[in-house]
Every structure is written in structure tokens, then in C-alpha cells.
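Work through the exercises below with the sequence and the model at hand. Try each task before reading its solution.

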Amino acid sequence: MPKSLFWARTDTAGCEHVVLDGGQGLTAQGVALAVDPIPYTCRYRLALAPDWSTDQLEVEAEGAGWSRSVRLERGRDGWRVRTGEEGDLDAALSAAGHPPAGLPGTDDPGRLDDALDVDLGGSPLTNTLPIRRIGLGRLPADMATAVTVAWVLLPGLAVVPAEQVYTSLGPGRVRYASGTFTADLEVDPEGFVVRYPGLAERVDPR
């Protein structure tokens with residue numbers, strides 16, 4: 001049966017709602033909204049292989065006077081990245097006192113060759129992808145696993161490789177680390193995030 005998950009952002013005003021089907025790998029369609037750094041709406045479609053590695057991610061982001069899109073597709077010869085842009089996001093960011101986002105996508109898809117997972121900025125759903133792919137729930141506690149992800153920044157949709165480390169802390173707890181940043185995530189038995197301190201908390205129907 002399809003599953004519906006909803007998270008409320010705790011770092012800013014915003015939320016994420018996704019409908020997913022995990023029968024074979026995962027297919028998901030989601031919407032994320034936030035007011036920082038400027039108000040935007042993001043829509044995404046995600047498709048995973050049966051081993052939970054990412055096959056495809058399509059993202060569209062839009063705000064007042066601008067819209068962008070990026071499509072990531074992983075094949076035998078690496079990642080293919082396609083982008084689109086209308087309006088002027090950088091002008092909107094500048095008017096709000098923020099630095100420019102630069103161009104969407106990447107100028108060198110080869111930098112993503114080691115990535116088997118994607119990480120959509122601000123999305124708790126995408127933390128589940130490496131957790132499930134590496135079978136973190138079956139690994140001994142305190143065993144760390146390093147992964148490379150294709151990190152999609154919002155709202156600009158630049159795509160960069162990022163090194164991340166996931167460590168099981170026992171039932172329902174996972175430590176996420178990237179660079180100097182760490183967060184101890186609470187996850188349900190299927191590996192979906194329940195609480196990401198400083199980012200989001202899942203809200204279940206009453």
C-alpha cells in the first residue's frame with residue numbers, strides 16, 4: 001500500500017509531504033515548502049532501484065518571479081543531469097540580502113560518479129535512502145558507514161557531491177554526519193525519519 005508521510009520543519013517555517021510506494025525499491029512524489037532563504041515551493045519525483053540505489057530524481061522549485069528544474073538520472077555510464085530555468089532567482093536572493101545561488105545542476109556530472117544516493121536539501125525523506133540501501137538497521141551498533149551522495153541544494157538546485165557518514169546507535173537511532181555537522185536521527189522500523197533535530201519532525205494523523 002502507498003504510504004503518506006508529512007514533516008514539519010523546525011528550523012524555519014515549512015513542511016514536506018510525500019506519497020511513496022516501497023514495493024520494489026521506492027517511488028515517491030513529494031512537495032516541500034519553506035520561507036528561507038526566500039519563500040519557495042519544491043516538487044520532486046524519485047525512483048529507486050530494488051537495492052535502494054537512486055535511479056532518477058526530478059526536482060522543480062519556484063518562487064516569486066523565478067522557477068528552476070533539474071533532472072538526475074543514473075545509468076551505466078554515470079549520471080546525466082538536465083536543467084531548466086526561467087526568471088531570475090539570483091536577483092530575488094540579492095533583493096532579500098542573500099548571496100546568489102549560481103546555476104542549477106553541475107558543470108561536471110563526472111564528479112557524481114561515486115554517488116549511489118541523492119540528498120535533497122531539507123528533505124528528511126532522502127536520509128532514509130542510504131539507511132535502507134546499506135541495511136543500517138542490521139549492522140552492529142557504532143559501526144559507521146561512509147557514503148557519497150548527489151546533494152541537491154534548495155532553492156537553487158545546484159548539484160554537488162557530498163561525503164556523509166551514517167552510524168547505527170541501536171534500535172530507532174541513527175547518527176548522521178557530514179563534515180563537522182552531526183545529528184542523531186530518530187527513525188521508525190522502516191528507516192523513515194521521525195525526528196531530525198534542528199531540521200524537522202514527522203507529524204502523524206490524529
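**Exercise 1: a charged pair and its exposure**

Arginine 195 has a relative accessibility of 33% and so counts as partly exposed, where buried means under 20% relative accessible area, exposed over 50% and partly exposed in between (1.4 Å probe, protein chains only). This is a predicted model, in which local features need pLDDT of at least 70 and side-chain atom pairs count only at pLDDT 80 or more, while totals for chains, interfaces and linings use all residues. Residues are numbered from 1 along each chain as its sequence is written, and side-chain values use heavy atoms, with hydrogens and water left out.

Task: find which residue forms a salt bridge with arginine 195.

Solution.
- Step 1. Apply the rule: a salt bridge is a side-chain nitrogen of Lys or Arg within 4 Å of a carboxyl oxygen of Asp or Glu.
- Step 2. The partner is glutamate 186, with 3.9 Å between the closest N and O atoms.
- Step 3. Glutamate 186 is partly exposed, at a relative accessible area of 37%.

**Exercise 2: salt bridges between strands**

Task: state how many salt bridges the whole structure has, and say in which strands arginine 43 and glutamate 62 lie.

Solution.
- Step 1. In general, side chains of opposite charge can pair when their charged atoms come close.
- Step 2. The search of the whole structure gives 16 salt bridges.
- Step 3. One of them joins arginine 43 to glutamate 62, whose closest N and O atoms are 3.0 Å apart.
- Step 4. Arginine 43 is in strand β4 and glutamate 62 in strand β5 (residues 54–63), so this pair, 19 residues apart, links distant parts of the chain; strands (E, at least two residues) and helices (H or I, at least four) are DSSP runs, numbered from the N terminus.
- Step 5. Arginine 43 is partly exposed at 36%, and glutamate 62 is partly exposed at 37%.
- Step 6. Arginine 45 and glutamate 58 also meet in a salt bridge, at 3.5 Å from N to O. This pair too links distant parts of the chain, with arginine 45 in β4 and glutamate 58 in β5, 13 residues apart.
- Step 7. Arginine 45 has a relative accessible area of 30%, which makes this residue partly exposed.
- Step 8. Salt bridges with shared partners join Arg45, Glu58, Glu60, Arg71 and Glu73 into one network.

**Exercise 3: cysteines**

Task: explain why cysteine 15 and cysteine 42 do not form a bond.

Solution.
- Step 1. A disulfide is a pair of cysteine sulfur atoms within 2.5 Å.
- Step 2. The closest cysteine sulfur to that of cysteine 15 is in cysteine 42, 11 Å away, which is too far for a bond.
- Step 3. The count of disulfides is zero.
- Step 4. Is each of the two cysteines buried or partly exposed? Cysteine 15 is partly exposed at 21%, whereas cysteine 42 is buried at 0%.

**Exercise 4: cavities**

Task: say how many cavities of 30 Å³ or more there are, and which strand gives the most to the lining of the largest cavity.

Solution.
- Step 1. On a 1 Å grid over the protein atoms alone, a cavity is a set of points where a 1.4 Å probe fits but cannot get out, and lining residues have an atom within 4 Å of a point. Grid points are joined across faces, edges and corners, and the volume is the space filled by probe spheres set on them.
- Step 2. The search finds two cavities of 30 Å³ or more.
- Step 3. The largest cavity holds about 50 Å³, and its lining includes Arg9, Glu16, Tyr40, Tyr44 and Leu154.
- Step 4. β3 (26–34) and β4 (40–48) each supply at least two lining residues, and β3 gives the most, with three.
- Step 5. The lining has seven nonpolar, three polar and two charged residues. Ala, Val, Leu, Ile, Met, Phe, Trp, Tyr, Cys and Pro count as nonpolar, Asp, Glu, Lys and Arg as charged, and the others, Gly among them, as polar.
- Step 6. The second largest cavity holds about 40 Å³; among the residues lining this cavity are Trp7, Cys15, Pro124 and Ala200.
- Step 7. β1 (3–9) and β2 (14–21) each supply at least two residues of this second lining, with β1 giving the most, three.

Terms used:
1 Å grid on protein atoms, 1.4 Å probe; cavity = no way out; pocket = protein on both sides within 12 Å on 5 of 7 lines; lining within 4 Å.
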